Amino acid sequence: MIAGGLAGLARLVSGATGRWVGCRPEPRQRIYFANHTSHLDFVVLWATLPPTLRRLTRPVAAEDYWGAGLRHYVITRVFDGVLVPRGSGRAAERSAQVDAARRTVERVAAALGREHSLIIFPEGTRGPGPEVAPFKSGLYHLCALRPDVELVPVYLENLNRILPKGELLPVPFLSSVTFGVPIRVGAEESKAAFLERARAAVTALRRP
């Protein structure tokens, strides 16, 4: 009930509806990967899915932001989210970061189980506007572990205007959530080529 109420509130504030231009909302395992500009992103994307799909779709969220207090309750108990750490990026800890990143990807892959789908943001952090930043490598490694799961690019438009970075209260503004053509990692495709192709698939959904 709480999740449904938050979904309704998110749709009311954002005015968002799902635009399925490259696929249909079907009951199959998927990884929805999207651009990231607002803390509302996963809620609005989740809210545009049909109720039958919402129940099996889990957002992947940053542990440093969602890991305590009311936020932790909302992400874990209401949305059944998967919390993951974000690396510091310091060169002196590069080896430890690689090991941590591998464990994180394995945890996310395990969260799919046999029936769940995921919502992830491959940029790794929120951006200031409509441009999509280069993707982190986690998406590639996740797909390598679970090549059976369909990848659906999603472009979220105008959510940065509803809840800009650094703001606490949302401002009503019309937004959209566009679902594109599913992709998969090619048999001989390099990590760099796949990540750029995945990023291009999200960017292509942006309306002129």
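**View 1. The whole protein chain, with its helices and strands.** The protein chain contains nine helices and seven strands, and the model shown here is a predicted one. Of its 208 residues, 46% count as buried. The surface that the protein chain exposes comes to about 10900 Å², and carbon and sulfur atoms supply 57% of that area. If one takes the contacts in the protein chain that have a separation of 6 or more, 74% of them are accounted for by residues 24 or more positions apart.

**View 2. Strand 3 and the strands on either hand of the pairing, strand 4 and strand 5.** Strand 3 covers residues 57–62, and because six of its six residues are buried, the strand is largely enclosed by the rest of the structure. Both of its faces are covered, with Thr57, Pro59 and Ala61 buried on one side, and Arg58, Val60 and Ala62 buried on the other. Strand 3 runs parallel to strand 5, which spans residues 117–120, and three bridges join the two; within this pairing, Pro59 stands opposite Ile119 of strand 5. Strand 3 also runs parallel to strand 4, again with three bridges between them, and here Ala61 has Leu83 of strand 4 as its bridge partner.

**View 3. Strand 2 between its parallel partners, strand 5 and strand 6.** Strand 2 consists of residues 30–34 and is mostly covered, since five of its five residues are buried. Arg30, Tyr32 and Ala34 point one way from the strand, whereas Ile31 and Phe33 point the other way, and all of these residues are buried. Five bridges join strand 2 to strand 6, a parallel strand made of residues 150–157, and in that strand the bridge partner of Ala34 is Val154. Strand 2 is also joined to strand 5 by three bridges, and these two strands run parallel as well; in this pairing Ile31 stands opposite Leu118 of strand 5. A reader who compares this view with the previous one will meet strand 5 again, as it is joined by bridges both to strand 2 and to strand 3.

**View 4. Helix 2 and its buried residues.** Helix 2 runs over residues 41–48, and because eight of its eight residues are buried, it is largely enclosed by the rest of the structure. The buried residues are Asp41, Phe42, Val43, Val44, Leu45, Trp46, Ala47 and Thr48. Helix 2 also belongs to the group of elements that each supply at least two residues of the lining of the largest pocket, which is the subject of the next view.

**View 5. The largest pocket and the residues that line it.** Rolling a probe the size of a water molecule over the atoms shows where empty space is left. In the largest pocket, that space amounts to about 1300 Å³. The lining is made of 39 residues, and those that lie nearest the centre of the pocket are Val84, Pro85, Arg86, Gly124 and Lys136. At least two lining residues come from each of helix 2, strand 3, helix 4 (63–66), helix 6 (94–112) and helix 7 (138–145), and the largest share, ten residues, comes from helix 6. Sorted by character, the lining residues divide into 20 nonpolar, eleven polar and eight charged ones.

**View 6. Thr104 in helix 6.** Thr104 has a relative accessibility of 13%, and because buried means under 20%, this residue counts as buried. When its neighbours within four places in sequence are left aside, Thr104 is in contact with Val84 and Pro85, two residues that are also listed among those nearest the centre of the largest pocket.

**View 7. Asp80, a residue in a loop.** Asp80 lies in the loop between helix 5 (69–78) and strand 4 (82–84). Its phi angle is positive, at about 55 degrees, although the residue is not a glycine. At 36% relative accessibility, Asp80 counts as partly exposed.

**View 8. Lys191 in helix 9 and its contacts.** Lys191 is found in helix 9, which covers residues 191–203, and with a relative accessibility of 39% this lysine counts as partly exposed. Not counting residues up to four places away in sequence, Lys191 touches Ser137, Tyr140 and His141. Lys191 and His141 are 50 residues apart in sequence, while their C-alpha atoms are 8.4 Å apart in space.

Conventions
Residues numbered from 1 in each chain as written. Predicted model: local features only at pLDDT ≥ 70, side-chain atom pairs only at ≥ 80, totals over all residues. Heavy atoms only, no water. Buried < 20%, exposed > 50% of the residue type's maximum accessible area, 1.4 Å probe, protein only. Helix = DSSP H or I, 4+ residues; strand = E, 2+ residues; numbered from the N terminus. 1 Å grid on protein atoms, 1.4 Å probe; cavity = no way out; pocket = protein on both sides within 12 Å on 5 of 7 lines; lining within 4 Å. Points joined across faces, edges and corners; volume = space filled by probe spheres on them. Nonpolar A, V, L, I, M, F, W, Y, C, P; charged D, E, K, R; others polar. Pairing = 2+ DSSP bridges. Contact = heavy atoms within 4.5 Å. Areas by Shrake-Rupley, 256 points an atom, 1.4 Å probe, with all protein chains shown as cover.
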